[in-house]
Amino acid sequence: MAIGSPCAEVLMGSDQDGTAVRTDVDKALLGHATYRSLGEQRLSPAEERFERARRTTGLWLAPLVTVAFLVAPVDLPAQQHTLAAVLLGVIVLWVTEAVPIPVGGLIGVVAVVVLGVRPADAALAPFGSSTIFTFIGAFILAQAMLQTGLARRFAFRILSLPGVGRSTTRIIVAFGVITAVLSAFVSNTATVAMLLPTALGLVGVIAKLLQDRGLVAPDFDPLRLRVGAAVVLMLAYGASVGGLLTPIGTPPNLIGRGLIETATGRRISFAEWTAMALPICLVMFVLLVIVLLLVNRPEIRRVEGVEAYVRERRAELGRLSRAEKNVLVAFGVTVVLWIVPGVIALLDENSWFFDEPADRLDEGVVAVLGASLLFLLPVDWRAREFTMRWSDAARIDWGTILLFGTGIIFGSLLDKTGLAKTIGTAASGALGLTSLFAITAFAAVLAIVVSETTSNTASAAVVVPIVIPIAVAAGVDPFVPGLAATFAASFGFMLPVSTPQNAIAYGSGLVSITRMVRSGFAFDVLGAILIILALPLMVTLVGGLIR
């Protein structure tokens, strides 16, 4: 038989006689949504008042901000002026959730076309980005892993590691270490995509443990657990941190390194990059753990008796089913093909042998290939039943795909209209930047700000070319400012559209926009300070290697 699908029934609440209904954790995690109306959540009276006020405010504030900026006497070309006004309104819609977040982005895209910033075909073209197909393929794989129970097996395996499962802090840290190490060699998006099912499995195990021990109400909402938010944010942010460790860890690294080499004639080798990035990544990871645990304090710290609990549940799972084996094959093929370009780069990153696989084994194409295998590997050949049905795959979170697609569109518009360059140049002129420290700080802050509303790849492609000529004009070596902008381009933690991994974490349904903004803002500030202070020091220390 094909794997089952979640029912569209009420997952929590009360019976007609007022008795609390026991929450079905598995169905809640499978049936998540990026946006839930007030009636779809269990909120305290105070939380409900805040949410109603926040969302109502967005309904009038977004158009007000847009119109006010449109009529303001700003010295900008018409296209840039209109785009800035629309983008400000969209950001208000995203933060306040006045309408579903994916719809807010779509409203912005419609406004951009109607107001004549770009023709429809040109504006919508970036929606065909490879990243969109990565989301589609990865979400289908994740859905299959959750429905077959394979994700839970992986989660129990992590929890069974010596000492890890005894506290939620250790679980979160261990998961973050795994994520960061993998993302140093596999793209951040691919890393988060492959680990998301395990993250959801971990949250499901912890939620059921809390439920079985009577530590939560019978009808609790597992999507509102702080420990769940901490786990998936660790997944997203840990990948961003680990991606900085090597030049192949994330696309902004390759973009920034290439632009720096062109401008300065100095190439940063694999070993030199890693030597500079390692201490920064270690400190950033420690800060990440502290921030996430403070902002998203887990409901329980010590998980007593987890070893026995894990042993019992693993025994209940029994042997791998045919569907699980098929999903494991599809997932394994996908991961291997994601990793191949990085492994080849370790051997010789300058060879044709590296460039050719990297071009052909695009992560979006690989993700779709892996997902397609789920519809080819049978569980019952006579009945022509395959591992997954389209009705199962159709339940993936299309809202996140639409959301990040609109983010890519706005990132492209910032570049094509020249608005990003205008903002950077104007800010530099207004600040009168002349010293290495000032330009480095400006580079880091600008990259973070731009990456909040565009992808980290777009941020690097836009900001590094702005910063380098500013440094040259000031008589400052552009190497450090360019590197600071490259590193900071991976910092954009406040909004789902900031990075693909943020969008995936938000798509899990476990992180509200307000929680992501609070967590991301703290880490943005700390990360900027760290880059500004530590990067020049590391460049000096490793300077003997860079010629």
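Is Phe491 buried or exposed? Phe491 is buried, because its relative accessibility is 1% and buried means under 20% relative accessible area, exposed over 50%, partly exposed in between (1.4 Å probe, protein chains only).

The model is predicted: local features need pLDDT of at least 70, side-chain atom pairs count only at pLDDT 80 or more, and totals for chains, interfaces and linings use all residues. Residues are numbered from 1 along each chain as its sequence is written, and side-chain values use heavy atoms, with hydrogens and water left out.

**Exercise 1. Describe the protein as a whole.**

Step 1. Take the secondary structure. The protein has 24 helices and four strands; helices (H or I, at least four residues) and strands (E, at least two) are DSSP runs, numbered from the N terminus.

Step 2. Take burial. Of the 547 residues, 56% are buried.

Step 3. Take the surface. About 22,100 Å² is exposed, and carbon and sulfur atoms supply 65% of it; accessible areas come from the Shrake-Rupley method with a 1.4 Å probe, and for residues only the protein chains shown count as cover.

Step 4. Take the contacts, where contact means heavy atoms within 4.5 Å. Among contacts between residues at least 6 apart in sequence, 79% join residues at least 24 apart.

**Exercise 2. Find the centre of the largest nonpolar core and one residue's partners.**

Step 1. Apply the term: a nonpolar core is a set of buried Ala, Val, Leu, Ile, Met, Phe, Trp, Tyr and Cys residues joined through side-chain atoms within 4.5 Å.

Step 2. Look for the best-connected members. The largest core holds 142 residues, of which Phe410, Leu483 and Phe487 touch the most other members. Helix H9 (residues 188-212) gives the most to this core, with 13 residues.

Step 3. List the partners of Leu483. With neighbours within four places in sequence left aside, Leu483 is in contact with Ile260, Ile268, Trp273, Met276, Leu535 and Val539.

Step 4. Note that another core, of five residues, lies apart from the largest one; Ala62, Val92, Leu93 and Ala98 are among its members.

**Exercise 3. Compare two aromatic pairs and their surroundings.**

Step 1. Apply the term: rings of Phe, Tyr and Trp (its six-membered ring) pair if their centres lie within 6.5 Å; planes under 30 degrees apart count as stacked, over 60 as edge-to-face and the rest as tilted. The whole structure contains eight aromatic pairs.

Step 2. Classify Trp381 and Phe386. With 6.2 Å centre to centre and 80 degrees between the planes, this pair is edge-to-face. Trp381 is exposed at 51% relative accessible area, while Phe386 is partly exposed at 22%.

Step 3. Classify Phe491 and Phe493. The ring centres are 5.2 Å apart and the planes stand at 70 degrees, so this pair is edge-to-face. Phe493 is buried, at 0% relative accessible area. Tyr237, Phe491, Phe493 and Phe523 form one aromatic cluster.

**Exercise 4. Characterise Arg384.**

Step 1. Locate the residue: Arg384 is in the loop between strand E3 (378-380) and strand E4 (385-386).

Step 2. Check backbone and exposure. Arg384 has a positive phi of about 55 degrees, although it is not a glycine. Its relative accessibility of 48% counts as partly exposed.

Step 3. Check the ring beside it. Arg384 lies over the face of Trp381, at 4.0 Å from the ring centre; a charge sits over a ring if NZ of Lys or CZ of Arg is within 6 Å of the ring centre and within 35 degrees of the ring normal.
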